[in-house]
Amino acid sequence: MSRLRFWFLVPARLWLLFLFLAPLAIVCAYSLLTRGTYGGVERPWTVESYQRLPDPLYAAILVRSVALSAAATAICLVLAFPLALFISRATRRKNLYLHLVILPFWTSFLVRTYAWMFLLRDTGLVNTALIGLGFLRHPLPLLYNDGAVLLGLVYGFLPFMVLPLYATLERLDPALLEAAADLGAKPWSVFFRVVVPLAKPGIWAGAALVFIPCLGAYLTPDLLGGGKSVMIGNLVQNQFTTARDWPFGSAVSIALMLLTLAALGLFYRRASKELL
Amino acid sequence: MLLANILSVDPILELRDVAKHYPGHAAVQGISLRIPKGGFFSLLGPSGCGKTTTLRLIAGFEEPTAGQIWLNRELVNGRRPYQRDVSTVFQSYALFPHLTVRENIEFGLKEHKIPNRAGRVDAAIALVQLAGKEGRYPAQLSGGERQRVALARSLVLEPEVLLLDEPLAALDPQLRKQMRGELKELQQRVGITFLFVTHDQEEAMSMSDAIAVMHQGKIEQVGTPEEVYLRPASRFVANFLGAVNWIDGVGLRPEITRMAREAPADGLVTRPATVTRTVFLGNCIHVTARLESGEEAVAQLGRDHGTFQAGEPVHVVWNRADEMRLS
């Protein structure tokens, strides 16, 4: 029995070793080495890369990443809650609505982000329409700013908030809502005193599923931020390519990972508290 | 007490030709009911008879298709549940799982923005004997305790009418019988009108001042427990409230049906029959006999009536005054 278990666990162990622990060790090692002239790393060992992290230039990127991720999470929550509530209370077509929520996954995220660029750019659909209708003379700067990145993040990760919320709201006993109304609670009160507290496990799970990938987002700020609204992911990419500073890129990656772990720990503690 | 006396009291709740139709299904078909203040009133009927729908119409969870609902001389049609001075004890209790016993009971008082709530909550907790369990969550309570919380949560608001939707159904049989007495006693102590929905005729009879028997969305009969049991208005009511022997179109309860080896003296009705089986039930014996007409009659006898063997010829005997005559 234990022999069998050993062999069954071999693929998982190999996977963890070669695709997780080994790359992690390499990134750790790189972050502690000196940059090579044409990229790559060389000796001596140093912690210089980490000492550069608090530099205001990089700190600002870090702060922007956390702020944009937090804002995207909050907006996703506000948008997803009514939608999840609607789907969970629907008597018919529940499956159709759920499929519509995950429908965007059927196309490449890259293609969908390009689609946003076509909508938002100066000669895009939105600006052309507004100018054509006479509302505007000059195009609005809709692309290449924090707002565009935020929009892209919310758009990209909204389903990850809807699905866990739906899962908790689906299990909510409708009799509890009737009981609350019966005891004198008006609809808003029912929502905030009964629905929201009971949806907390879903809220925390959704928040983790949106916040953490947002923090590491690369594609969205790259395309919709256009180098003007830079997030941690873009900084890492930039260090490995244009800047040819592999040690610093590695140090930023490690910092991002620690930040993610801290966020996960926080979400996990809140979620486990909600489940008693 | 006669029904006429009960109904002479000014009604706290009145239904006038209330109907509720769903697509392809008429759950409630024009019922009228006057429920007197301060009593224990039951809606009794089999599942699907419309009794729970009626309760939900009164609570405001559903709106009637037709008819009027009057609560304390005010027409309450169209009012939302939170605008009606009634409170419901749900079959599942519907306690808020994220709130403690105390917070559950305080919920309605907070919603009504009532000051100095602590005293009233304490009184409600004492009323249902839950002192010491205030800090527990519903998941940490037994079925009986949950039911008490549900009762306290509604009673603390002192509603005009307390609506109870099969509140004993989820309890085990032993506790269910014990709770009958406690519920009745509670109702008398607080003086609030109880409208109790059940499919269990024994439950309804043991607690109610008056019972409305429902069948297929209509009220078959309203009366005191004695009236509906002894003088049922229809064959349905007679059968629903207890076992009946139907002999020549006349109904006889098994407990007033007798079996005798010798033909009895005058003044009693008697029919020759053959014993088909006897069942020992501990506190009594059920003897079944087939009459010459082919009809079967069950007599519920005390153990001192001796034993009867299957195949034995007997006389089925009863007093004409005990016959149920359907109006």
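Student: What is the mean pLDDT of chain A, and what share of its residues reach 70 or more?
Tutor: The mean pLDDT of chain A (pLDDT being the predictor's confidence in each residue, from 0 to 100) is 90, and 99% of its residues reach 70 or more. This is a predicted model, in which local features need pLDDT of at least 70 and side-chain atom pairs count only at pLDDT 80 or more, while totals for chains, interfaces and linings use all residues. Residues are numbered from 1 along each chain as its sequence is written, and chains are lettered from A and ligands numbered from 1 in the order in which they are written.

Student: Where in chain A is confidence lowest, and where is it highest?
Tutor: Confidence in chain A is lowest in strand β2 (residues 41–42), with a mean of 80, and highest in helix α8 (residues 174–182), with 95. Helices (H or I, at least four residues) and strands (E, at least two) are DSSP runs, numbered from the N terminus.

Student: How many helices and strands does that give for chain A, and how many for chain B?
Tutor: Chain A has 12 helices and 2 strands, whereas chain B has 9 helices and 17 strands. The C-alpha trace of chain A spans about 75 × 75 × 35 Å along its principal axes, and that of chain B about 75 × 45 × 40 Å.

Student: How do you know what span to expect of helix α3 of chain A, and what does the model give?
Tutor: The expected span is 1.5 Å times one less than the number of residues. Helix α3 of chain A (residues 56–89) has 34 residues, for which 50 Å is expected, and its first and last C-alpha atoms are 49 Å apart, so the span is close to the expected one.

Student: What makes Ala80(A) the place to look for a bend in that helix?
Tutor: The bend at a residue is the angle between axes fitted to the seven residues ending there and the seven starting there; at Ala80(A) this angle is about 30 degrees, and a proline, Pro82(A), follows within four residues.

Student: Why is Ala80(A) called buried?
Tutor: A residue is buried if 20 or more other C-beta atoms, placed from the backbone, lie within 10 Å of its own, exposed if 12 or fewer, and partly exposed in between. Ala80(A) has 26 C-beta neighbours inside 10 Å, and therefore counts as buried.

Student: Which residues does Ala80(A) touch?
Tutor: Leaving aside residues up to four places away in sequence, Ala80(A) touches Leu158(A), Met161(A), Val162(A), Leu165(A) and Gly206(A), where contact requires C-beta atoms, placed from the backbone, within 7 Å.

Student: Which other residues of α3(A) are buried, and what do they pack against?
Tutor: The buried residues of α3(A) include Ile61(A), Leu68(A), Cys76(A), Phe81(A) and Ile87(A), and the buried set packs against α4 (94–102), α7 (146–170), α9 (187–215) and α11 (232–240) of chain A. Over whole chains, 32% of the 276 residues of chain A count as buried, and 40% of the 327 residues in chain B.

Student: How is chain B divided?
Tutor: An automatic or database domain assignment supplies the bounds, which give domain 1 (3–239) and domain 2 (243–322) of chain B, with 39 Å between their centres, taken over C-alpha atoms.

Student: How many residues does each chain bring to the contact between them?
Tutor: Chain B brings 18 residues and chain A 15. On the side of chain B that touches chain A, β6 (86–89) and α3 (101–111) of chain B each supply at least two residues, and α3(B) gives the most, with 3.

Conventions:
Contact = placed C-beta atoms within 7 Å.
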